[in-house]
Amino acid sequence: MSLQVNVPLVVRLVVLAFVMVLLQLMFFAQVPVFGAIADVSPLVVMAVGLLCGSMTGASVGFAIGLMVDTALLQTMGLSSLVLMAVGYWSGRLREARDPQGTLAPIPLGAGAAAIATVGYGVGQFLLGAVHPLSWLLVKQTLSTIVLDALIAIPITALVRRWLTPVLPEDPRRRRRRAYTTGGLSPLQKA
Amino acid sequence: MHDRKVVRRRRAVLGLLVGCALILLTAYFGEGAGGGLHAIQRGALAVFSPVESVAADAVKPFRDLFGWFGDTFNAKGENKTLRKDVAQLRLQVADDTRKLRTSSQLDRIQELDGTRGLDSMKPVDARVVLASPSLWYSTVNINRGSGDGVSVNDPVINGSGLIGRVIKTVSDASQVLLLTDADSGVSARIARTGVPGFVQTGTPGNPNDLLLTRLPRGKLPQVGQMVVTAGVVSKRFPSYFPPSIPIGRVTKADPNEVDTSQQVHIKPFADLHELDVVQVLTEPTTRSTGPIP
């Protein structure tokens, strides 16, 4: 079992994580849209998981979570745990079902945002946060999920565009491309 | 065979990452504020604050553009509210001025205004460079730190009033705990009547709803009354904040709520979701010189 490291992919993932964390904290977190604040971290992790698989997704989720917690002086480890779950979930989704529809990022983005926001909230409660569960909290969580679902397509496209040149060729994807560009499926050939 | 190896490797990686996260969480909770992980965070803040500052400048035009869309969208309703507020304030100012001029306390208030000038507290201008995206942490990071004279617990204001206090500082950056954080608390009073209370968050993350709690029974504040910091009024309950800094205005004063919970709702003057330029009072004078007027 040899473990081959795709260095260009690792470099691009590090750059992606760093830039996305900076943008999240300095731009998205300070631009409320209809009272909601977009959280692009779970979307980026979800997109990486969908493109690179569960192990890479979980690792990138862990790293981005660590960077967010460090930058914001928050409880270290909680964001890592939550975003790692997002990365692993989306990676397993790719390995088991490989969702490829144009609109697939919308429900997946909503799912990733839901795992991240609800997971973070549950983590905070478990760690002893004294906030009451208010209607505002539920409303903010829902609006973040909806907003993330809406911006999931461009974020996923950006991540795909950034990572595709260094991704190893995927046989399943090559096969699908052949069908959709005029090639015959094995059944049709028979 | 190959699949089994892949599954095994995947589980090993996942287990390793979960283990690391749990170790981090445990270690972070177990150590004090001077522990290694906290030191790493402070170090990262010190190292990256110049990058953050430059990046914040770079994205500011885009932020402003998006803010402009939002502002335009809300401008009509806001304009109407502001006109109403201005009319009400004019009446209030005229009323206050007449009362003050005829009051025997005029000299004392003028003296307080003179001696409590905020410009004597060595204010340091700062820019907000990072804001927490989460409802759980109501904090912002600013681009001034201990090298500029900022120290922990310094009050932070903006053009509208009090926004919070400094909780962590490194050489060229600091973290500010906003009024909306659950850990925030400010001893305050109703400006006109002097009724004392304690300002704390009403609904976590809601920048427009704070509570003025621990009100004395039978002292019902009126809607529209201004709430200001009380300063230190007792050695037993020291305050980080100088007296008479505006905090907000009473928006809801339900007699039943005052009787049962001894609290009213207030809306802060400062817009805590759209902070840009703030000021840190690096040498606050927190002690009141006399009884609350």
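The legends below walk through several close-up views of a predicted model.

This is a predicted model, in which local features need pLDDT of at least 70 and side-chain atom pairs count only at pLDDT 80 or more, while totals for chains, interfaces and linings use all residues. Residues are numbered from 1 along each chain as its sequence is written, and chains are lettered from A and ligands numbered from 1 in the order in which they are written.

**View 1. Chain B at a glance.** Chain B holds four helices and 12 strands; helices (H or I, at least four residues) and strands (E, at least two) are DSSP runs, numbered from the N terminus. Of its 293 residues, 34% count as buried, meaning that 20 or more other C-beta atoms, placed from the backbone, lie within 10 Å of the residue's own (exposed is 12 or fewer, partly exposed in between). Two residues are in contact if their C-beta atoms, placed from the backbone, lie within 7 Å. Among contacts in chain B between residues at least 6 apart in sequence, 62% join residues at least 24 apart.

**View 2. Where chain B meets chain A.** Here 42 residues from chain B and 40 residues from chain A make the contact. On the chain B side, helix H1 (2-30), helix H2 (36-102) and strand S1 (123-131) each supply at least two residues. H2(B) gives the largest share of that side, 14 residues. Sorted by class, the side of chain B that touches chain A has 28 nonpolar, nine polar and five charged residues. In this sorting, Ala, Val, Leu, Ile, Met, Phe, Trp, Tyr, Cys and Pro count as nonpolar, Asp, Glu, Lys and Arg as charged, and the others, Gly among them, as polar.

**View 3. A closed barrel in chain B.** Six strands form a closed barrel in the order S6-S7-S8-S11-S10-S9, with antiparallel pairing. The twist averages 40° from one strand to the next. Two strands pair if DSSP finds at least two bridges between them. S9 (residues 226-229) and S10 (residues 246-252) of chain B are joined by three bridges, and B:Met226 stands opposite B:Arg249.

**View 4. Strand S11 of the barrel.** In S11 (residues 264-268) of chain B, the side chains alternate: B:Val264, B:Ile266 and B:Pro268 point to one face and are buried, while B:His265 and B:Lys267 point to the other and are not. S11(B) pairs with S10(B) over four antiparallel bridges, where B:Lys267 is the partner of B:Arg249. S11(B) also pairs with strand S8 (residues 210-213) of chain B, over three bridges in the antiparallel sense; there B:Val264 partners B:Leu212.

**View 5. Strand S12 and its partners.** Strand S12 (residues 277-281) of chain B runs antiparallel to S1(B), with five bridges joining them. Two bridges join S12(B) to strand S3 (residues 155-158), again in the antiparallel sense. Look for B:Val280: B:Val124 has this residue as its bridge partner, and B:Val156 stands opposite B:Val280.

**View 6. Two helices of chain A, H3 and H4.** The axes of H3 (residues 54-71) and H4 (residues 78-96) of chain A come within 7 Å and cross at roughly 160°. Axes are lines fitted to C-alpha atoms, for helices over the stretch in contact, and angles run from 0 to 180 degrees between N-to-C directions. H3(A) and H4(A) are therefore roughly antiparallel to each other, a term for angles over 145 degrees (under 35 is roughly parallel, 65 to 115 roughly perpendicular and the rest oblique).
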